[in-house]
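User: I am new to this structure and should be grateful for a close look at its pockets. Please describe what lines them.

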Amino acid sequence: MKGFKPKRKLEDGDAGSQFNLRVNLFFFSTFIIFCVIIIRLAILQFVEGPELKELETGGQVKNFPLQPIRGSIIDASGTPLAYSTPSQALYLTLLKDYSSSERGKKNRPEIEKLAEEMVKVFEQYGDLKAEKLTVDDVIKAMDLEFNKQPGYEPRRIKAKLSNKEVAYFMEHKNEYPGLEVVEESQRQYNPDKIAVQTIGYLREFRGNKTLEKYKEIDEQNKTQKDPGLIYSEQEKVGVDGLEMMFQDELRGKNGYIGIPINPQNMADGIPTMIAPEKGYTIHTTIHKDIQKVAQQAIIDQIKWLHTNPFSGKTHPEALTGYAVAMEVDTGNIVAMASMPDYDPNVWEHGTEDWETVMKYYGNGTVSPFNSGRSVNNLESVVLLGSTVKPLSVLIGLNEKLFGPNDYYYDGGAAFFGKDNSRVQNSGGRAYGSLNPRSAIEHSSNAFMVDWVGEKLWNKYGSESVKKWDEYMKKFGLGVSTESGLPKEHKGIIEYTNIEQAGSYLAAMAYASFGQSGKYTTLQLAQYASTLANRGERIRPQLASKIVDQDGNVIKEFKREVLNKEEFPQQYWKEVIAGMNTQGLRAFDGFRYDFARKTGTSEQDVYTNGKRNRRENGVFIAFAPRDNPKLAVAVVIPEGGFGSQSAAPVARKIFDTYDEIYGLDGTPHPKKNEGENEDGSSNE
């Protein structure tokens, strides 16, 4: 037993040593494993990382959009007013890094040589009239530092290649890796300048993202999954008129080039191309022949006003004019003239006289902005003047301020307020006994002030302005016409400015005869149409239908009633009968009885600290009186009396419409000189 104990101690020592050995081995193994992991991570990051990244991005394809082929805008006679013609552009895809980096600098001579060769081709085969590109221009277009475009994206080097340039680059394609000739479209506008401000124009998408429509599209671009709906920065988009109003329909879908890319975000492989889809065709209601007559009539009338005196003077201050012709039964706008105008092709081809373009590119029939100014800087939105009087009388009748058979004695002026403010008739004429109908016909300011403005104030007090405003808006004055045209102005309401008027009574007095509201020519046309439709305010239509490229009708535009106001038929009869302005020499020999109202709105201008009163010519009419077909509104700022300045323009519009469509439903083409009613010759 004594010999056994030492042996047991020896076994215990061996076990402790083995335990310590195992612990040491465990920690050593753990250390080795961690070292291996750390080394492996380092290898993954610094050695194998680029290769793994390449595997990750290998096969990735980026889409480069091709500009869509924009649809056409066609007039009511089938004449193209805006259309796209094909053109060829030269694009370059960078296959190497040519930037200012160390690697890029080595490749720089290669790309500079390519630029020099391209310029030589442009000089030899390019259009002699085209803008000359230098080597610096080409290098700049290449965007070698990726300031504007990522590396894989093709660079647009030159647009509108000549046929010879296209042939050369196609024939020598193998000699210029990365160069591609891509078909684009060029926007053209009718050379006769038909309703150019109404049609609108195009500008690059990247410069118009402040517009709400394109701000939204720019946001959608970031998440858009359909490559055909992604807008490129250089894509041309509508920024005014029908071009903007129907942007989505006209655009179609862009094509795109699918480009394989490498980890350096550069092109790496054979691109594939999906062709663009052409946009829809918009058939506008504008008729080129009526439009051309309206435009020329305004220009001719302005010239006439400069040299022919009436009311004791000429009117050289009149420089601009505006006209709208709207069908009463459909709402179709057959003419919308804002003059002077400009050649809209300048947006595509450029001009040396941008100052003239910038004065007139806005549509003065719907907005006062960039639509021209008279000598004293009066804009296209003017006081409606006496053209308000049919509505003024209608309000008085409907509010029971007087009856159809009541008579007012017109002594030539009206007096109101504590300070006995005075408003007189034109020329101070006293018309004697007037009923509501004859008050409109003679355009009595005194009647309107005493029997409409003051009586409405007596009835409603401070609420009279609100009541007046409600009536105005029901007839389209002070609200959008809802034509859909961008930048449409709602007019300027001044009768709510009680401080300026001096009192609620004064505000109503001046509003009653048209001196407290400024409205667009389109608003006046819609107002005239509402009178013709006896209370139905209809939407002005600028398009009749939208058609796809196979001729299928995508959408038709029908008559649309915005609101309808009910008044006794007797009131309508009195008001429309009163729209009978006399002494309109411009309408001598007109074959139809028609309803009309002239207006001469007065505005004060200040020159060298002195106040001068200027007169704007305003005219509204619809024909025929009993079965209205067409309503017309004309405005000539600083043109003097509407009967002399605006009415002659309207007459030419009515005549031309009658020749083409017929104011009685049957066209009455103009007879050749010496021809009888039956078409036979006098010779």
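Analyst: The account below takes the two pockets in turn and then turns briefly to one sheet.

This is a predicted model, in which local features need pLDDT of at least 70, side-chain atom pairs count only at pLDDT 80 or more, and totals for chains, interfaces and linings use all residues. Residues are numbered from 1 along each chain as its sequence is written, and side-chain values use heavy atoms, with hydrogens and water left out.

The largest pocket has a volume of about 1,400 Å³. A pocket here is found on a 1 Å grid over the protein atoms alone, as an open set of points where a 1.4 Å probe fits, with protein on both sides within 12 Å along at least five of seven lines; a lining residue has an atom within 4 Å of a point. The volume is the space filled by probe spheres set on the points, which are joined across faces, edges and corners. In the largest pocket 39 residues form the lining, and Arg156, Ile157, Lys158, Ala159 and Glu204 lie nearest the centre. Elements that give two or more residues to this lining include strand E3 (80-92), helix H4 (135-142), strand E4 (155-158) and strand E6 (202-204). Helices (H or I, at least four residues) and strands (E, at least two) are DSSP runs, numbered from the N terminus. Strand E5 supplies the largest share of the lining, four residues. By class, the lining of the largest pocket holds twelve nonpolar, ten polar and 17 charged residues. In this scheme Ala, Val, Leu, Ile, Met, Phe, Trp, Tyr, Cys and Pro are nonpolar, Asp, Glu, Lys and Arg are charged, and the others, Gly among them, are polar.

The second largest pocket holds about 1,200 Å³ of space. Its lining has 38 residues, with Ser426, Asn445, Gln515, Thr600 and Glu602 closest to the centre. Two or more residues each come from strand E16 (421-424), strand E24 (595-607), strand E25 (610-623) and helix H21 (642-645). The largest share, seven residues, belongs to E24. The lining of the second largest pocket has six nonpolar, 21 polar and eleven charged residues.

Strand E1, which gives two or more residues to the lining of the largest pocket, also belongs to an open sheet of three strands, in the order E1-E8-E9 with antiparallel pairing. Strands pair if DSSP finds at least two bridges between them. Strand E1 (61-66) and strand E9 (272-274) stand at the edges with a single partner strand each, so one side of each has no neighbour in the sheet.
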